[in-house]
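Here is a set of short exercises to work through with the model open beside you. Try each task before you read its solution.

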Amino acid sequence: MKLAPAQSHAEASSSQAQNQPPKSQKQMTKAERREQQERQRAAKAATKVAGPQPSAPVKKGGKGPDGKPTKDTKETTSDDSARGLQIFSHFGLPKPPGPSKGDIHPAIIRLGLQFSEFKIAGANARCIATLTAFKTVIQDYVTPPNNTLSRHLLTHLSPQITHLVSARPMSVTMGNAIRELKLEISGSDIDLPEQDAKNLLCQKIDDYISERITIADQVIQETAGTKIKDGDVILTYARSSVVEQVLVGAWDDGKQFSVVVVDSRPMLEGKKLLSVLSAMGIPCTYLLLPSIGSVITEVSTVLVGAHSLHSNGAVFSRAGTALVAMMAKQHSVPVVVCCETYKFAETIQLDSFTKNELAPAGDIFSSFPLTRSKDTLTLNKQPNLEILNPLYDLTPPSSITAVVTEVGVIPPSSISSIPLALGRATL
């Protein structure tokens, strides 16, 4: 009976100690700190012995709510839900543009759908389509009261550009053209009547398309055409609008040569080039990329196009171009790139992993008769299968013989001098 008060006093003191907040390292004595460290080491050792715990329970032969036996099931973990090649998650995916944010012009909405469905593909075609749509936007634009066209039109164009980028990542050609258009808008005369200012901007757009694309392609066609001789075998990869003009122009000049069109899935763009060249009467051979080794020894020159041209001499083009160029270099076949100067980017790109896009799954341009529906022949994603089709690759300058531009034939080591050749500090 005498021990009861002492026992209750001890229990009260222990419960009071438990309710107190834990001491900090400074408040602890040396013995208490040592005791805490020993407890932490023991907890870590026990965790290692027990091994990693499963992230989700595995149910085998259980019963459902109705009392019937269920099949063996395994709970899906968070890792399974995040399945996919995460290392390529930064690649631009072909997708329809999302909900419009801001006042988006109908011409821009239509163009965004065409971009996302690859109805308009190719650097030149995308740039011309973008500038043509911007002409419509500018003509339909009305300057709000208490604003100037040179300031408010830039704000009006920003959501239009964002909408196009949401459909497909912006190309170098579109970026250079939009940058030039913004400079023209910001330099517009504020005293000029609005309609005259809009007409002047549309005229500037037409001049840009004419000088930097149309006339540039004509000059490249004449320059590169002189490199084709009678009896040559020209190899080209996929489809480039500039290379197509060079080959058609050389054939119209009376030169006798043959063309090897190398193509690859899923785009199969070489089929369109093949149909144009064969309709002209040019002798053609069509093969897929894995078979290039069997014909490269018979080739005289390799002519390819470019998506963009970087200051270190590297060429960013359709995926497979680097393989063609490296194979040609291995067999001492000259590789000539036909590229307009407005595709020049002042950045240095060392690989095609940092920035790239994903091509759509399936063969887009299937022109042969099919016994089964196209959907049944297309390879789709499955639980243990991820489809990866990078759209571009990077050809190193060491595999390129020369680059034909409208300012002349330039070796890859002198690509950075293109802005000086045009008489300006930058493009």
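A contact means heavy atoms within 4.5 Å. This is a predicted model, in which local features need pLDDT of at least 70, side-chain atom pairs count only at pLDDT 80 or more, and totals for chains, interfaces and linings use all residues. Residues are numbered from 1 along each chain as its sequence is written, and side-chain values use heavy atoms, with hydrogens and water left out.

**Exercise 1. The whole chain**

Task: describe the protein chain by its contacts, its burial and its helices and strands.

Solution. Start with the contacts: among those between residues at least 6 apart in sequence, 77% join residues at least 24 apart. Next comes burial, where buried means under 20% relative accessible area, exposed over 50%, and partly exposed in between (1.4 Å probe, protein chains only). Of the 427 residues in the protein chain, 39% are buried. Finally, take helices (H or I, at least four residues) and strands (E, at least two) as DSSP runs, numbered from the N terminus. The protein chain has 13 helices and 13 strands.

**Exercise 2. The start of a helix**

Task: find which residues Val-172 touches, not counting residues up to four places away in sequence.

Solution. First place the residue: Val-172 lies in helix α7, which spans residues 172-186. Then check its cover: Val-172 has a relative accessible area of 18%, so it is buried. Its contacts beyond those four places are His-307, Ser-308, Lys-343, Phe-344 and Ala-345. For one of these, compare sequence with space: Val-172 and Lys-343 are 171 residues apart in sequence, and their C-alpha atoms are 6.2 Å apart.

**Exercise 3. Two packed helices**

Task: describe how α7 and α8 cross, and name the residues that make the contact.

Solution. Two packed helices are described by the angle between their axes and the distance between the axes. Axes here are lines fitted to C-alpha atoms, for helices over the stretch in contact, and angles run from 0 to 180 degrees between N-to-C directions. The axes of α7 and α8 (residues 194-225) come within 11 Å and cross at roughly 150°. From α7, the contact is made by Asn-176, Ala-177, Glu-180, Leu-181, Glu-184 and Ile-185, and from α8 by Leu-201, Lys-204, Ile-205 and Tyr-208. As for handedness, a crossing is left-handed if the near helix is turned anticlockwise from the far one by less than a right angle, and right-handed if clockwise. The crossing of α7 and α8 is right-handed.

**Exercise 4. The buried side of α10**

Task: work out why the buried residues of α10 lie on the same side.

Solution. List the residues first: in α10 (residues 270-279), Gly-270, Lys-271, Leu-273 and Leu-277 are buried. They cover an arc of only 155° around the axis, which puts them on the same side of α10. The arc is that of the directions from the helix axis to the C-beta atoms. Now look for the cover, which includes β3 (233-237), α9 (241-252), β4 (258-263) and β5 (284-288).

Then inspect the backbone around this helix. Pro-266 sits in the loop between β4 and α10, and a cis peptide bond with omega of about 5° joins Arg-265 to Pro-266. The loop between β4 and α10 also holds Leu-268, which has a positive phi of about 50° although it is not a glycine. Leu-268 is buried, at a relative accessible area of 2%. Just after α10, Gly-281 takes a positive phi of about 90°.

**Exercise 5. A strand covered on both faces**

Task: find which residues of β9 are buried on each side, and which strands join it.

Solution. In a regular strand the side chains alternate between the two faces of the sheet. In β9 (residues 335-338), Val-335 and Val-337 are buried on one side, and Val-336 and Cys-338 on the other. For pairing, DSSP must find at least two bridges between two strands. Strand β6 (residues 301-304) runs parallel to β9, joined by 3 bridges, and Val-304 stands opposite Val-337. Strand β12 (residues 402-405) also runs parallel to β9 with 3 bridges, and there Val-404 is the bridge partner of Cys-338.
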